[in-house]
Amino acid sequence: MAKSPARFVCQSCGAVTSKWSGRCDACGEWNCIVEETPLAAGPGKTALGAARGRQVPLTDLATRETPPPRSRSGLDELDRVLGGGLVPASAILVGGDPGIGKSTLLLQAAAHFARAGLPVIYVSGEEASAQVRMRAQRLGLDQAPVRLASETNLRDNLTTLEAERPGLAIIDSIQTMWADQVDSAPGSVSQVRAAAHELTVFAKRRGVSVIMVGHVTKEGQIAGPRVVEHMVDTVLYFEGERGHQFRILRAVKNRFGPADEIGVFEMTGAGLAQVTNPSALFLSERGQPAPGSVVFAGIEGTRPVLCEFQALVAPSSLSQPRRTVVGWDGGRLSMILAVLEARCGIPFAGLDVFLNVAGGMKITEPAADLAVAAALLSAREDAALPPETVVFGEISLSGALRPVSQTENRLKEAQKLGFTSAILPAGGKTVAGGGMTLKPLDDLAALVGDVFGAG
């Protein structure tokens, strides 16, 4: 039988070419094209896909097979991010920077699931079983009924899981797994994709939930082919700044719950502790009111979270003033500076601008536009906002302010933490008589003139 011709596949977008090149013509990524040999025929010289699979009517599936309930760990922050608990037969990918606490979090989660009655196997490809046990003793989890394994051969791990049939299997990490049928080194693109595929198929076929740990690149993306994120049901990122004790578990994909949900943890000497009120924690180190400090009432997933934006505007001796941002989008900062100059007459030429989100938070929603503009104006005019004021709203390129979603929840969270006034766009849905003084604004010029008296 003639050998099937090799093909070259982009690991980022999946484009197929007949020859190798350094750059993918479809998506523009570099060094992402890998040679693959397609499977042209199956057993008995039957082409793959020729046989029909078993079909189940949707009505029969809905009436005869009741989905099993979710397993709750007892860690409310983790259960929240998972969408209410662990779904049976689900594949979950957890990524994060080295040393951020992924293994600590998953070992704690394994102990909680095991104590709740779910059989758990923790497979470590990076540490020996004795080392994992030492970490468990330090965390006070050595009496948890968790079974440990230290093996990198994927075939051996699947054989063990097939025989034991646990409710949850944790693979730490997917980059250390080695599939012997793939001719490449462990951690390569082909190995990571093959291991993730086999583990995902096993999870669906045997009803075992699988959590895989993935390393991240310097850009913050999970290392390996992006197709791995499409294979799994849930993708979680464990974020945090090394200089802060806060850690944020963020869902960027979830087939069984809301995406962009977050769980907040605090790194302590005894492991990761849950933070039930992240707003109070992020604002706990806030001192006296200072120019450039503004409290933003945001929404992360389904919960309102208050955090502090800090801005500094100083004269620059450089021909190209610096624009430094931590925790927010630098392109959106440039947009707001341009709107302030074009629509409100507030120039920032010749001034260095520094913007920071306190506590190591990362804000992505457009509702933070008005808080950033208020922080920049406060720093530039050297005028502090009242300490009991929160700010939120989206800014358009015309300078108009647009209402944002869940205004009521933002105001309730702010009032619960002792804030008495809010600056927000006009036209938003609010509760009358809520106990807070509201200052609705139509455009950015009203903020410049009424609040700061500038422009």
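Colleague: Which residue meets Arg72 in a salt bridge?
Modeller: This is a predicted model. In it, the side chain of Arg72 takes part in a salt bridge of 3.9 Å, N to O. A salt bridge needs a nitrogen within 4 Å of a carboxyl oxygen, so this pair counts. The partner is Asp79.

Colleague: Is Asp79 buried or exposed?
Modeller: Asp79 has a relative accessible area of 1%. The cut-off for buried is under 20%. Asp79 is therefore buried.

Colleague: How many residues apart are Arg303 and Glu77?
Modeller: Their side chains meet in a salt bridge of 3.0 Å, N to O. Arg303 sits in strand β14 (residues 303-315) and Glu77 in helix α2 (residues 76-81). The pair links distant parts of the chain, and the separation is 226 residues.

Colleague: Are Arg303 and Glu77 buried or exposed?
Modeller: Buried means under 20% relative accessible area. The class holds for both Arg303 and Glu77: they are buried.

Colleague: Which parts of the chain does the salt bridge of Asp233 and Arg255 tie together?
Modeller: The two side chains meet at 2.7 Å, N to O. The parts tied together are 22 residues apart in sequence. Asp233 lies in the loop between α7 (227-231) and β9 (234-239), and Arg255 in the loop between β10 (246-254) and β11 (262-268).

Colleague: Is Arg255 buried or partly exposed?
Modeller: Its partner Asp233 has 2% relative accessibility and counts as buried. The relative accessible area of Arg255 is 46%. Partly exposed lies between 20% and 50%. Arg255 is therefore partly exposed.

Colleague: How many salt bridges does the whole structure hold?
Modeller: Some of them join up: Glu162, Arg165, Arg205 and Arg206 form a network of salt bridges. A search of the whole structure gives a total of 19.

Colleague: Are helices α5 and α6 roughly parallel or roughly perpendicular?
Modeller: Helix α5 covers residues 154-164 and helix α6 covers residues 189-206. Their axes lie 11 Å apart, at an angle of about 10 degrees. Angles under 35 degrees count as roughly parallel. So α5 and α6 are roughly parallel.

Colleague: How many residues in the contact of α5 with α6 are charged?
Modeller: The contact takes in residues of α5, including Leu158 and Glu162, and residues of α6, among them Phe202 and Arg205. It divides into 7 nonpolar, no polar and, as charged residues, 4.

Colleague: Are α3 and α4 roughly parallel or roughly perpendicular?
Modeller: Helix α3 (residues 102-115) packs on helix α4 (residues 129-138) at about 75 degrees, with axes 11 Å apart. Angles of 65 to 115 degrees count as roughly perpendicular. That makes α3 and α4 roughly perpendicular.

Colleague: Which residues of α4 meet α3?
Modeller: The α3 side of the contact is Ser103, Thr104 and Leu107. They meet three residues named in α4: Val132, Arg135 and Ala136.

Colleague: Is the pair of Phe296 and Phe309 stacked or edge-to-face?
Modeller: The ring centres are 5.9 Å apart and the planes stand at 65 degrees. Planes over 60 degrees apart count as edge-to-face. Phe296 and Phe309 each have 0% relative accessibility and count as buried. The pair is edge-to-face.

Colleague: Which residue forms an aromatic pair with Phe309 at 6.2 Å centre to centre?
Modeller: This pair is edge-to-face, with 85 degrees between the planes. The partner is buried, with a relative accessible area of 9%. Ring pairs link it with Phe296 and Phe309 into a cluster. The residue is Trp328.

How values were computed
Residues numbered from 1 in each chain as written. Predicted model: local features only at pLDDT ≥ 70, side-chain atom pairs only at ≥ 80, totals over all residues. Heavy atoms only, no water. Axes fitted to C-alpha atoms, helices over the stretch in contact; angles between N-to-C directions. Helix = DSSP H or I, 4+ residues; strand = E, 2+ residues; numbered from the N terminus. Parallel < 35°, antiparallel > 145°, perpendicular 65-115°, else oblique. Contact = heavy atoms within 4.5 Å. Nonpolar A, V, L, I, M, F, W, Y, C, P; charged D, E, K, R; others polar. Buried < 20%, exposed > 50% of the residue type's maximum accessible area, 1.4 Å probe, protein only. Phe/Tyr/Trp six-rings, centres within 6.5 Å; stacked < 30°, edge-to-face > 60°.
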